[in-house]
Amino acid sequence: MPFSIPSAPSKPFDVVTLGLNSIDLVAVVAEYPTTNSKQRLQRFARLPGGQMATASAVCARLGWRASYIGTFGDDDLGRVSRQSLIEEGVDLHASWTVSGATNQFAIVLVDARSGARTVLWDRHPALSMDPAAIPASAIESGRVLIVDCQETAAATAAAQCARRAGIPTIIDVERVRPAIGELLQHIDVIIAAERFPSELTGHEDLGHALEAIAHEFGAPIVCVTLGEKGSLARAGGREIRTPGFAVDCVDTTGAGDAFRGGFAAACLRNPDADIEDLLAYANAVAALNCRALGARGGMPTAQEVEHLLIARPP
């Protein structure tokens with residue numbers, strides 16, 4: 001692993017995440033709807049989600065001490081979102097509720113045939129995080145920091161703080177946003193959605209796009225998640241393809257968030273592991289997360305991940 005992780009006794013938390021939480025209004029349909037069509041829902045549920053909230057919950061479920069930094073609305077959805085993390089054992093001392101704001105929510109359409117999903121979301125402007133409001137002590141309280149790309153200024157400030165404290169940084173990056181380049185300069189592990197590398201670099205070939213990102217930003221590990229196909233990474237000047245794991249897929253919502261949390265957990269679990277093993281662990285966590293409805297419905301325990309890794313073909 002091309003970076004060091006502070007020792008457990010030196011920090012109150014293993015993982016700190018900073019970014020989005022959400023409540024997902026999940027609708028399961030027999031087939032993806034066409035224009036001007038009607039169909040009865042197979043199932044509907046109100047479930048917690050959000051990239052960094054889910055990543056922190058995944059880490060907690062895997063047995064690690066997790067802290068989440070983010071904003072909640074002061075409505076019912078905000079209370080549900082907060083409580084979902086508290087029940088998983090995630091610390092919220094550095095998060096806050098915004099008076100007068102509704103919590104972020106998403107409408108998630110899940111195709112019952114494949115588990116594939118479409119997400120429609122809304123976020124109140126007042127939920128935006130002021131970088132100055134994020135205590136440095138909260139960032140420095142963990143051994144690993146994970147951020148998303150929703151609020152680049154806040155994420156950049158957090159990543160800079162972590163770098164100064166010798167804490168490795170991981171990002172969940174989905175799209176090209178203003179100032180994304182400045183943020184990526186302070187990240188050790190860039191884990192991107194499938195379309196991001198090509199959109200950022202202009203290279204259609206994913207391998208070339210990852211190589212260009214690694215060269216420009218100096219990140220030791222650059223990775224793209226590929227759904228059921230697993231992941232593709234660039235590390236140590238070489239390309240690493242990691243296959244996905246076959247599971248009975250119910251819903252792919254949150255799989256990418258689980259991958260990021262799983263990667264952080266893998267680094268904490270064995271700091272001396274090969275990159276291939278870290279990526280296999282993250283892929284296993286992401287696959288198992290798809291076993292149930294919602295972003296966190298299938299979150300695995302550490303034992304379940306170990307069993308899946310043992311069962312994988314050589």
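Let's start with what builds the wall of the largest pocket. In this predicted model, six elements each supply at least two lining residues: strand 2 (22-29), strand 7 (105-111), strand 8 (117-122), helix 6 (196-201), helix 8 and helix 9 (275-288). Which of them gives the largest share of that lining? Helix 8, with five residues.

The volume, then. The largest pocket holds about 1600 Å³ of space. Its lining counts 49 residues. Closest to the centre are Arg 117, Glu 174, Ala 193, Thr 252 and Gly 256. By type, the lining splits into 20 nonpolar, 17 polar and 12 charged residues.

Back to helix 8. This helix covers residues 255-269. Is helix 8 largely enclosed or open? Enclosed: 13 of its 15 residues are buried, so the rest of the structure largely surrounds it. Its length also checks out. At 1.5 Å a residue, 15 residues should span 21 Å. The end C-alpha atoms sit 20 Å apart, which agrees.

Now the second largest pocket. Its volume is about 160 Å³. The lining runs through Ile 240, Arg 241, Thr 242, Pro 243, Gly 244 and Phe 245, then Glu 276, Ala 280, Arg 312 and Pro 313. Five of these are nonpolar, two polar and three charged. Two elements, strand 14 (238-242) and helix 9, each supply at least two lining residues. Strand 14 gives the most, with three.

One link to take away. Helix 9 supplies at least two residues to the lining of the largest pocket, and at least two to that of the second largest.

Notes:
Residues are numbered from 1 along each chain as its sequence is written. This is a predicted model: local features need pLDDT of at least 70, side-chain atom pairs count only at pLDDT 80 or more; totals for chains, interfaces and linings use all residues. Side-chain values use heavy atoms; hydrogens and water are left out. Helices (H or I, at least four residues) and strands (E, at least two) are DSSP runs, numbered from the N terminus. The expected span of a helix is 1.5 Å times one less than its number of residues. Buried means under 20% relative accessible area, exposed over 50%, partly exposed in between (1.4 Å probe, protein chains only). On a 1 Å grid over the protein atoms alone, a cavity is a set of points where a 1.4 Å probe fits but cannot get out, and a pocket is an open set with protein on both sides within 12 Å along at least five of seven lines; lining residues have an atom within 4 Å of a point. Grid points are joined across faces, edges and corners, and a volume is the space filled by probe spheres set on the points. Ala, Val, Leu, Ile, Met, Phe, Trp, Tyr, Cys and Pro count as nonpolar, Asp, Glu, Lys and Arg as charged, and the others, Gly among them, as polar.
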